[in-house]
Amino acid sequence: MNNRYEMYETLGISREVYEYGEAVAESLKERFAGIDATAEYNQLKILKGMQSRQVSEACLLGTTGYGYNDLGRDTLEQVYASVFHTEDALVRPQITCGTHALALALMSNLRPGDELLSPVGKPYDTLEEVIGIRPSKGSLAEYGVTYAQVDLLPDGGFDYDNIRRAINERTRLVTIQRSKGYQTRPTLSVAGIGELIAFVKGIKPDVICMVDNCYGEFVETMEPSDVGADMVVGSLIKNPGGGLAPIGGYIAGRRECVENAAYRLTSPGLGKEVGASLGVLKDFYQGFFLAPTVTAGALKGSIFAANIYEGLGYPVVPDGRESRHDIIQAVTFNNPEGVVAFCQGIQAAAPVDSHVTPQPWDMPGYDSQVIMAAGAFVSGSSIELSADGPIKPPYAVYFQGGLTWQHAKFGILRSLQSLVDNGLLRAENVAKAREKLKKSLS
Ligand SMILES: *Cc1c(COP(=O)(O)O)cnc(C)c1O
């Protein structure tokens, strides 16, 4: 045990930062035990899904060409359906990312003249172009699908009166984003999503309720499909890919909804029958198997980050104590230097490309410069340790991921060290924060 600090020291962590980290981790023990219990439940849920569908060695092989009779692909889709308690699922490497999965679910289940409603405020940035909130080629708006939105109330609750008013005879699909994404609204709990769906279906029973499940999978023991969602949709380079899936997305839900999506992904008449899995199936299965523990590690990392930075006086969302429904953590620095130093620290902690120094740049689609830290095995994977921050007030960074808790912890300590090394935080203040925490615990 006593050479653990020496190991941290060789990786650039000072005594003050290490000891503060130890004190914060100690204070979170009980909470982490709860996260482990959730992971244990979800691990069994996945194992049960795999055993009940008789996953065999042959399922790990792939097909090429048309991919007819792809046993591994078809079985994996049944495993997803079993885990999410849905009638069917579409899990494919041909679904290129989360946005694509969501676009597919929307475009295949809406028809010209229908209306799409978001009762939880503005959706994730990339969906603005899918819907046509920002004019875009091929958007739903171009196909005559209209869009309505009801914002959350100032306290984060649902605005039931306005939701009731917004539902009309053309409302065909309701989209509910579970994670706050990069906004400051609270993330929705599965129970909260269940209440919202019950309310919507009470007004219009045949409306399709879709949940954007990105970043939320396996954070709780229930999924939105357990509380009435007709479709749950997400990315395999986030939670359910377990860090191993190199690409992909999923849609799990009612048979008709999934079928519509399959006909749109491939072609009318072909649907789920085609789509070779190539060589990805072993990683899809193994990643799904690891997803509960990988998600637990990332979740511990985000709670640890909240407590580390909150203890030093930085505003954090969610705060150190509140319950969690996704793995994203925001920390506000109020100055650009803090954002840059934080991201450079995260990059320095990466297993890949730790020797490069990220800088703010003019990224297409953003109205300010953005800095991104990612040294991942799978390019762009945000279940791996990653952070990004727009260089504009309030100068907040968004942090997520970490394939193991140990790595997430190191990454956060490394980010803190970077602030100290760049003269943005005094080492004695870190020591003081530790003293204060120790006192409050005794
Ligand atoms: C990441 C994310 C998406 C989009 O996923 P991409 O894989 O980046 O296209 C959509 N919604 C939410 C809430 C997300 O977190």
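1. A friendly place to start is strand 6. M231, V233 and S235 point one way from this strand, V232 and G234 point the other way, and all are buried. In general, the side chains of a regular strand alternate between the two faces of the sheet. Please keep in mind that the model is predicted. Strand 6 spans residues 231–235, and 5 of its 5 residues are buried.

2. Next, look at the neighbours of strand 6. With strand 5 (residues 208–212) the pairing is parallel, over 3 bridges, and D212 has V233 as its bridge partner. With strand 7 (residues 249–253) the pairing is antiparallel, over 5 bridges. Here V233 is matched with I251 as its bridge partner.

3. Now for the nonpolar cores. The largest has 62 residues, and F304, I308, Y309, F333, F342 and L416 have the most contacts inside it. Helix 10 (residues 281–310) is the top contributor to this core, giving 10 residues. A second, separate core has 44 residues, including L76, I176, V232 and V280.

4. F304 deserves a closer look. Setting aside neighbours within four places in sequence, F304 is in contact with G21, V24, A25, L28, W405, K409, I412 and L413.

5. Finally, try the second largest pocket, with a volume of about 310 Å³. Of its 15 lining residues, N307, E310, R321, L437 and S440 are the closest to the centre. Helix 2 (15–27), helix 10 and helix 13 (427–441) each give two or more residues to the lining, and helix 13 gives the most, with 5. By class, the lining has 6 nonpolar, 5 polar and 4 charged residues.

Note on methods:
Residues are numbered from 1 along each chain as its sequence is written. This is a predicted model: local features need pLDDT of at least 70, side-chain atom pairs count only at pLDDT 80 or more; totals for chains, interfaces and linings use all residues. Side-chain values use heavy atoms; hydrogens and water are left out. A nonpolar core is a set of buried Ala, Val, Leu, Ile, Met, Phe, Trp, Tyr and Cys residues joined through side-chain atoms within 4.5 Å. Buried means under 20% relative accessible area, exposed over 50%, partly exposed in between (1.4 Å probe, protein chains only). Helices (H or I, at least four residues) and strands (E, at least two) are DSSP runs, numbered from the N terminus. Contact means heavy atoms within 4.5 Å. On a 1 Å grid over the protein atoms alone, a cavity is a set of points where a 1.4 Å probe fits but cannot get out, and a pocket is an open set with protein on both sides within 12 Å along at least five of seven lines; lining residues have an atom within 4 Å of a point. Grid points are joined across faces, edges and corners, and a volume is the space filled by probe spheres set on the points. Ala, Val, Leu, Ile, Met, Phe, Trp, Tyr, Cys and Pro count as nonpolar, Asp, Glu, Lys and Arg as charged, and the others, Gly among them, as polar. Two strands pair if DSSP finds at least two bridges between them.
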